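Me: Hey, can you walk me through this one? I'm new to it.

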Amino acid sequence: MNLNKLFVLSKSVKLGRNLIAARVGHVGAGCLQKRCIRSSARSLAYAKDLFLGKVNKAEVFPYPEISNEELEEMNQLVQPVEKFFNEEVDSKKIDHDAVIPPETLNGLKELGLFGIQIPEEYGGLGLSNTMYARLGEITSLDGAIAVTLAAHQAIGLKGILIAGNDEQKNKYLPKLATGEHIAAFCLTEPGSGSDAASVQTRATLTEDGKHYLINGTKFWISNGGWADIMTVFARTEVVDEDGQKKDKITAFIVERAFGGIASGKPEDKLGIRGSNTCEISFEDTKVPIENVIGEVGGGFKVAMNILNNGRFSMGSAGAGMIKKLIELTSEYAGTRKQFNRSLAEFGMIQDKFATMALNAFVMESMAYLTAGMMDRPGVPDCSVEAAMVKIFSSEGSWICVSEALQVLGGLGFTKNYPYERYLRDCRILQIFEGTNEILRMYIALTGMQYAGKILTGKIKEMKKGNLGVVFEILGKKLKDSVVKTVDFGLTGKDGVVHPSLTESAKMFEENAALFGSTVESLLYRYGKTIVDEQLALKKVADVLINLYAMTAVLSRATRSINIGLRNHDYEVLLANTFCKDAYFKNNYLMTQLQKNSPENNDASIKKIAQEVLAKRAYICSHPLDRTY
Amino acid sequence: MVSELIHICRLRKQKWRQRHGWTRSEKGAVIIVLRSFHCSAVCSTSQQDQKEPKEASERETQSKDRTLVTHEDIFEKAAKNSKTKGNFNRVVDVFTKNDIRRRGHVEFIYAALKQMPEFGVEQDITVYNKLLDVFPKEVFVPRNFIQRMFNHYPRQQECGVQLLEQMENYGIMPNVETKVLLAQVFGKKSHPMRKYQRIMYWFPKFKHTNPYPIPQVLPSDPIDLARFSLARIASDPDAKITVFQYQTTDITETGEEVLRPYIVGIQSPEQRSLLAKHNHCRPVFVEGPFPLWLRKTCVHYYLLRADPIPPEEKVKKEFDPEWIGPEQSLFYPQRVELDLERDIGDDDSFDVDDVEEGPVYAMCMAGQGDETTLAQWISDLQETCPTLGQIPTVFRLESGPGELLTSSDVQQSPELEFETDHIIEDEPLYSKRVKQ
């Protein structure tokens, strides 16, 4: 009797759901139309929509392409750069001497690598983000040079490029493009680098109102020792609408020639030793007000824009490095004989190479997908995507370099081979441009904020006990459990994914749908206190990174098959392997995120750490201790 | 079954005691009729070489033959000069050698147990083992199952248990020697053996229950002791201990000797920054002495504290929402703009009434608890925190360190406290007179 009732109920709910779904579908179509009209001002981003359990496939399918002319131009550009790096750059010497020799720097300048993204009218190469990423693959072969270049143009002069006015551009960009002037980005200060309160550098307006006097110290400034132009962020007093005085951050272009600038001794670092990192202190540095980037008090947005969009290139850089390592290591594995078999025949060695190939493939896919998204017209906000690329590639690189070194065993540990240098160099990737921890918080919280704004009403209704909403959700859950099909339209008749990737696409869809409901339940449970649930946020970020990586490989592999690129079957293999792996990882992570799940060890993990941190030592007794 | 047996044994024991008129006095001293020692002659000859306490006591007991003498007296007399471990051991040795039959050994052990704290050997495992050794070996070991079933030599067994009990009370862990002795004396399945096994089961488990252990022997140097005590009270591992002044004696021009007592202070960086932010109009208080017990030692410390900050004066530091919100990726985000609270099901917080207390800025221990010394401490603190000089400092000192206040003292002290409760001006740095 009861069962029957339930069945009827579920049926009716299903009916209702269908009706709603139909309506939603209709509305969705309307949205799509609207979107087409205003395609230039893109407000939605792919990653954020995943938090709502939506797959905005138009954003990521098909995989972005560049035109034939661009490709040709790029190939012309890539060849000399590659040649230069293979022949002229002595990475070992740079690492040993902890300085990049001037002739190498001059070579880089001649190649135009100091002005890759500066428009041609200012004497730069004027390349797109995609092309920048491609060049990044090569420059990454030497960590010190890559960091020097990135500090110069990815962050150092980016402020002038994206927020400067024409006068500033005319004045500074030409010299920066040729490398005559080198730029640096000065934001971090002594104290903790991830604490907003640590910005103490202050800019005060002089009495005549024409200059600012900057006072303060900046830490960890790449290129700090030799930079001529610096983007400096300092607190300024701003009067807001209510007439209250407030401290706001303002960005300034500061020339070393302004005076009052002293750089400290270069830091002796573990890796990227050739790059110059030091402390810079400003003492009454007089900066004309024309040198304010953007508006006074608007420096924070400038800083975030610079940083948020600069990270994507780390993906291609990591991929470039791994590709090189695969070449080096596979040669060794093929020639080295052990027990009358070459290393390449051993399963565990093969495992390492598969890891490297998979990682390189995923990194590449993510980096160029993101770069392509950023190259679209309008002002796309790809900061979450870029952060994901950064996290995935920095951690993947570390693992791959370590595996490559392992293949060589003891030899890899010596300075006779470049592996130890790569290992040291790539350790910084997880630290700079926003540590991976902060970026995970950023990814998870940005998405939570976005989803929360939309879901708040619904969740509140649910908490109030609105039967309609509750039944709707129950019905949805029931339906999901009975008919276990999630369909975002990636596969099937009008699918965007190639049939050979159907299974992976289904896995992705299932993950994405589950992610949506996981986010909802997290919001339901924690509300705005989610900020304090760092371990949960970490898992959310990890799932999202996996989802984005799955999207990228699906999209890329589909394109490769469709246009018949060489070895596309291998890409399919890689894509399917990665997706399956990520699917299970995601499922596990999301199971952990369920309430009271036995898989979740977070409480214990916290407790373990707290005990140790309270005593500031490992507190267990020694296993050999006795009590009597 | 076993418990029943034990019960029967106990009943038997009581009856036996009643029959024999054998009672233990309340103080635990066992009074016995001292019969003449059989070996007295041997004793007196063999102990010629043994000098002083023992001999004296022995002779006296001999002279008072056939009188009531307690074993305690032997100890008392033996320790006329000094109560040391050596003397104690000698008494035990004498008893053991006196009589091959060890007559009266139970009473002797009871008396010895009672005397142990006075001789300062209550913490010494070797002494306990020595006492156990007084029991004759193998005599009390049950030889068949019937003996084993009933309480074999109950008095002796109880005495053995009592000895172990005393060890337990002083937290002394028996060692292998104890075990061997017990096995020799009472056998492997006797009550004392069971007691031993129980001790060995529980003691190791409770050995490290105190998360803040105090060493058995405290540092003798008062400055080291102060360091140890202050570090123990201060919960912040970053807190820094400073010895502001070592104990010295100065001789003034008039030839008087002036003792400059030691001052040891502790302050954490957080306390320092709190003190720097202290509102200059509000006074800070030097209070004390407060007692701190370290085993049997009591030390005293002083606080520099202030009243709780009234809510209207609290400045909540607010960051630019732009900086700490989720829409940035460089700094640690601390805020999400959502109109959703935590769900009740996930709210694990307790409903705790927070009683706000005023901040404690620093602590110190000093050789003397007078105002001069503590004022010296305050002026030393000003080296790291110059603003302290502008803050009115009120000394609220109770009667100096030393004895803890007994209940009668407390009743008398209020007026005294009121008298000492006055303000001193902090030399040149602070000119405003503050009335309390």
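Here is a chat about some local features of the two chains.

Reply: Before we start, this is a predicted model, in which local features need pLDDT of at least 70 and side-chain atom pairs count only at pLDDT 80 or more, while totals for chains, interfaces and linings use all residues. Residues are numbered from 1 along each chain as its sequence is written, chains are lettered from A and ligands numbered from 1 in the order in which they are written, and side-chain values use heavy atoms, with hydrogens and water left out.

Me: Cool. How many helices and strands does chain B have?

Reply: Chain B has 16 helices and 8 strands. Both are DSSP runs numbered from the N terminus: helices are H or I with at least four residues, strands are E with at least two.

Me: And how much of chain B is buried?

Reply: Of its 436 residues, 41% are buried. Buried means under 20% relative accessible area, exposed means over 50%, and partly exposed is in between, using a 1.4 Å probe and protein chains only.

Me: What about contacts in chain B between residues far apart in sequence? What share do they take?

Reply: Taking contacts with a separation of 6 or more, 68% are between residues 24 or more positions apart. A contact means heavy atoms within 4.5 Å.

Me: Let's do helix α6 of chain B. Is it buried or exposed?

Reply: It is largely enclosed by the rest of the structure, because 12 of its 15 residues are buried. Among them are H105(B), F108(B), L113(B) and F119(B).

Me: What do those buried residues pack against?

Reply: They pack against α4, α5 (85-98), α7 (125-132) and α9 (154-169) of chain B.

Me: Where does α6(B) bend?

Reply: At L113(B), by about 30 degrees, and the proline P117(B) follows within four residues. The bend is the angle between axes fitted to the seven residues ending there and the seven starting there.

Me: What span should it have, then?

Reply: At 1.5 Å a residue, its 15 residues should span 21 Å, and the end C-alpha atoms are 19 Å apart, which agrees. The expected span is 1.5 Å times one less than the number of residues. After the helix comes G120(B), with a positive phi near 70 degrees.

Me: Switching to aromatics. How many pairs are there over all chains?

Reply: There are 23 aromatic pairs over all chains. Rings of Phe, Tyr and Trp (its six-membered ring) pair if their centres lie within 6.5 Å; planes under 30 degrees apart count as stacked, over 60 as edge-to-face and the rest as tilted. Take F75(B) and F119(B): their ring centres are 6.0 Å apart and their planes at 70 degrees, so the pair is edge-to-face.

Me: Where do those two sit in the chain?

Reply: F75(B) is in helix α4 (residues 71-78) and F119(B) in helix α6 (residues 105-119), so to speak distant parts of chain B, 44 residues apart. F75(B) is buried at 0% relative accessible area, and F119(B) is buried at 4%.

Me: Which residues are linked with them into a cluster by ring pairs?

Reply: The cluster is F75(B), F88(B), F95(B), F108(B) and F119(B).

Me: Any charges over rings in chain A? Which residue lies over Y524(A)?

Reply: K463(A) lies over the face of Y524(A), 4.9 Å from the ring centre. R626(A) lies over the face of Y628(A), at 6.0 Å. The rule is that NZ of Lys or CZ of Arg is within 6 Å of the ring centre and within 35 degrees of the ring normal.

Me: What about the backbone? Which peptide bond is cis in chain B?

Reply: The one from G288(B) to P289(B) is cis, with omega near -5 degrees, and P289(B) lies in strand β5 (residues 284-294). In chain A, a cis bond joins F61(A) and P62(A), with omega about -10 degrees. P62(A) is in the loop between α3 (57-60) and α4 (68-87).

Me: And F339(A), what is its phi?

Reply: Phi of F339(A) is positive, about 50 degrees, although this residue is not a glycine. F339(A) is in the loop between β9 (337-338) and β10 (341-342) of chain A, and is exposed at 71% relative accessible area.
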